[in-house]
Amino acid sequence: MNDDDEDSIFDLYQLNELRAKNTDSFRCLAQIVVSHSSIFRHPLYPFPPLEDPGLDEAVSHREKSMSDDGVGAQYYLNMCQSLKIVPLKRVSNSLITTVLNLKYFGLKDKQIKAITETLMRNRFVQHLILEDNWLSTTSMEYISQMLANNSTVYYLNLRECRIGPEGAAALSMGISSSISLIELDLSFNDLGDDGVEHLEDSLEDTRCLQTLNLSHNNLGERAANTLSFILTFNSSLAELDLSWNNFNTPKGNKLLFTALGGNESIRKLSIAWNGISSNEATRPMMNYLSASTSLVEFDISSNRLTDASFRNVRNGLGKCKKLKTLKIGNNLLTSEEAMELIKLLATSPKLLEVNMENTFIKPDCLPLLKGVLKKGKLVTIGVLNTYSIRGPDHMKLLYGRANFLAKKKKKDFGIFVGQLPNEELIIEDFRALLKKSKIKLDEDLLAAIMQKFPGAKQKISCADLQASYVTYYPDTVIKSKPVEEKPVELPSEKTELDPH
C-alpha cells in the first residue's frame with residue numbers, strides 16, 4: 001500500500017501494531033487491508049481482473065412500470081380496481097399475444113371500458129374477438145374510442161353482439177378514425193336498414209377496411225340504396241358478405257349491382273340465402289357480372305334460381321373476366337342447367353372451381369366432368385344417378401290427413417268413400433254425407449279434394465274419388481251403385497170418361 005493512498009487510514013506502524021494483536025477482529029482488518037493491496041491494481045498482474053457479479057444491480061433493481069411497456073397489464077389491473085370489478089385472467093394473459101378472444105364471456109360496460117382503455121396502450125393484440133356478447137350502446141362507444149386510439153387491432157369480431165342500429169351509430173366514429181382496422185364482422189346484429197344508414201359516412205370515409213361481413217342483418221331495399229353510395233365512394237373494400245338478407249327485389253338489386261359495377265375493388269362477394277328468384281331481380285346481376293374486372297369469387301348459393309333467372313346469371317358468368325370460384329349450389333337447377341355450368345368450367349381459362357352442392361346431375365355429364373377434373377379444376381355436385389327427384393305425393397298426404405281426422409272420431413274414411421253414390425255431388429250434399437257419417441274434415445282439406453276431383457258445375461266426382469282412393473288402399477270395398485232413375489208416373493188406366 002502506498003503512503004499517499006487516499007483510502008489508507010492507518011500508517012504502516014499502526015497497521016503492524018494492530019496485526020500483532022492477532023484477534024479475530026483484527027485478522028478481519030488485515031484481510032481488508034490486503035484486499036486493497038496494490039498488487040491487484042498492478043498492470044502486469046498475471047490474473048484477469050475480477051468481474052462484477054452484479055450484486056448492486058440485483059439489490060437496487062426496481063421493476064419497470066408495465067403501463068409503459070406496450071402491454072398494459074398493470075394498467076388493466078389498476079382499471080379493474082378503480083371500477084371495482086374482477087380482472088379477467090384471459091385478458092391479462094392475452095395482452096402479450098396477438099389474439100384476445102373473449103367469445104361468450106358475457107361482458108358488461110365496466111369490463112369493456114377496462115379492456116378498451118388497456119388496448120389503447122397495448123401494441124401486441126391484433127385480433128379482438130367479442131363474439132356473442134350482448135353489448136350495449138355504451139360498450140360500443142368504448143370500442144369506438146379504442147379503434148380511434150389504437151394502431152394495432154386490425155381484426156374486430158362483433159358477430160352476434162345484438163348491437164342494433166344504435167350500436168352501429170356509436171361504432172361509426174371508430175371505423176372512420178381507425179388507421180389499422182382491416183376486417184370487421186357485424187353479422188347477426190339486427191342492424192336493419194337504419195343501422196346501415198348510420199354506418200354510411202364511416203364506410204365511405206375509411207381507407208383501410210378491406211373485409212366487411214353484414215350477413216344476417218335483415219337488410220332490404222333501403223340498405224341496398226345506402227350500400228350503393230358506400231360502394232361508389234369506398235375504394236378499399238375487397239370482400240363483402242351480404243348473405244342471409246333480403247336483397248331480392250328488382251329495385252333494390254338494380255341499385256346494389258349498378259354500384260358494384262362501378263366499384264373496382266370488390267374481389268369476393270356473397271349474396272347467398274337472399275331468396276333471389278325472379279328474372280327482373282337477376283338482370284342487374286347479369287350486367288354486373290358481365291362488366292366486372294375485379295370479381296374473383298362469387299357466392300349465389302341457396303337462392304331460388306331457375307329457368308330465366310338462371311339464364312341471366314349464366315350469361316353474366318360467361319363474360320366475367322377474372323372469376324375463379326363460383327358457389328351456386330342449393331338452387332332449383334335442372335340437370336341440363338348443371339351441364340351448362342360444367343361446360344362453362346371446361347371452357348373458361350380463369351374459372352377454377354364450381355360448387356353445385358345438392359344439384360342433380362345425369363350420367364351423360366360424366367365424360368365432360370372427368371375431363372374438367374383432369375385439368376385440375378374442382379367441381380362439387382349433388383346427386384348422380386338415373387332416377388329423378390320427385391316431390392311428395394299430394395294425394396297420399398290428403399288421404400292420410402282424412403283418415404287421421406276420421407279415426408279421431410273412431411270412424412273410417414275408407415268406408416265413407418266406399419259408400420258414396422256413383423254420381424257427382426254438390427258441395428252441400430257432400431258435407432251432409434260427411435256430417436251423417438260423423439266425420440269432420442278441415443275446410444282446406446275439403447277444398448283440396450274438390451280441386452282434385454272436380455265435376456260439372458263445381459261438383460265433386462264421387463266415382464273419380466273412389467277410383468283414386470282404391471289405388472292407395474286396395475282393400476277398400478266400394479258398395480255404391482249407380483243411381484237408379486226415378487220411374488216416370490204414367491196416368492192411371494182407370495180414367496173417368498169425358499161425359500161429353
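Here are a few friendly notes on one pocket and two backbone spots in this structure.

1. Please keep in mind as you look around that this is a predicted model.

2. A good place to start is the largest pocket, which holds about 230 Å³ of space. Its lining is made up of 16 residues. If you want to find the centre, look for Thr211, Glu239, Leu240, Asp241 and Lys268, the lining residues that lie nearest to it.

3. Which elements give two or more residues to this lining? They are strand 4 (183-185), strand 5 (211-213), strand 6 (239-241), strand 7 (268-270) and strand 8 (297-299).

4. The character of the lining is worth a look too. Sorted by class, eight of the lining residues of the largest pocket are charged, five are nonpolar and three are polar.

5. Now for the backbone. Most residues other than glycine have a negative phi. Tyr104 is not a glycine, yet has a positive phi of about 65 degrees. You will find Tyr104 in the loop that runs between strand 1 (99-101) and helix 6 (109-119). Is Tyr104 buried or exposed? Tyr104 counts as exposed because its relative accessibility is 54%, and the cut-off for exposed is over 50%.

6. Glu160 is another residue other than glycine with a positive phi, here near 55 degrees. Glu160 sits in the loop between strand 3 (155-157) and helix 8 (164-177). With a relative accessibility of 24%, Glu160 counts as partly exposed, since buried would require under 20% and exposed over 50%.

Methods
Residues are numbered from 1 along each chain as its sequence is written. This is a predicted model: local features need pLDDT of at least 70, side-chain atom pairs count only at pLDDT 80 or more; totals for chains, interfaces and linings use all residues. Side-chain values use heavy atoms; hydrogens and water are left out. On a 1 Å grid over the protein atoms alone, a cavity is a set of points where a 1.4 Å probe fits but cannot get out, and a pocket is an open set with protein on both sides within 12 Å along at least five of seven lines; lining residues have an atom within 4 Å of a point. Grid points are joined across faces, edges and corners, and a volume is the space filled by probe spheres set on the points. Helices (H or I, at least four residues) and strands (E, at least two) are DSSP runs, numbered from the N terminus. Ala, Val, Leu, Ile, Met, Phe, Trp, Tyr, Cys and Pro count as nonpolar, Asp, Glu, Lys and Arg as charged, and the others, Gly among them, as polar. Buried means under 20% relative accessible area, exposed over 50%, partly exposed in between (1.4 Å probe, protein chains only).
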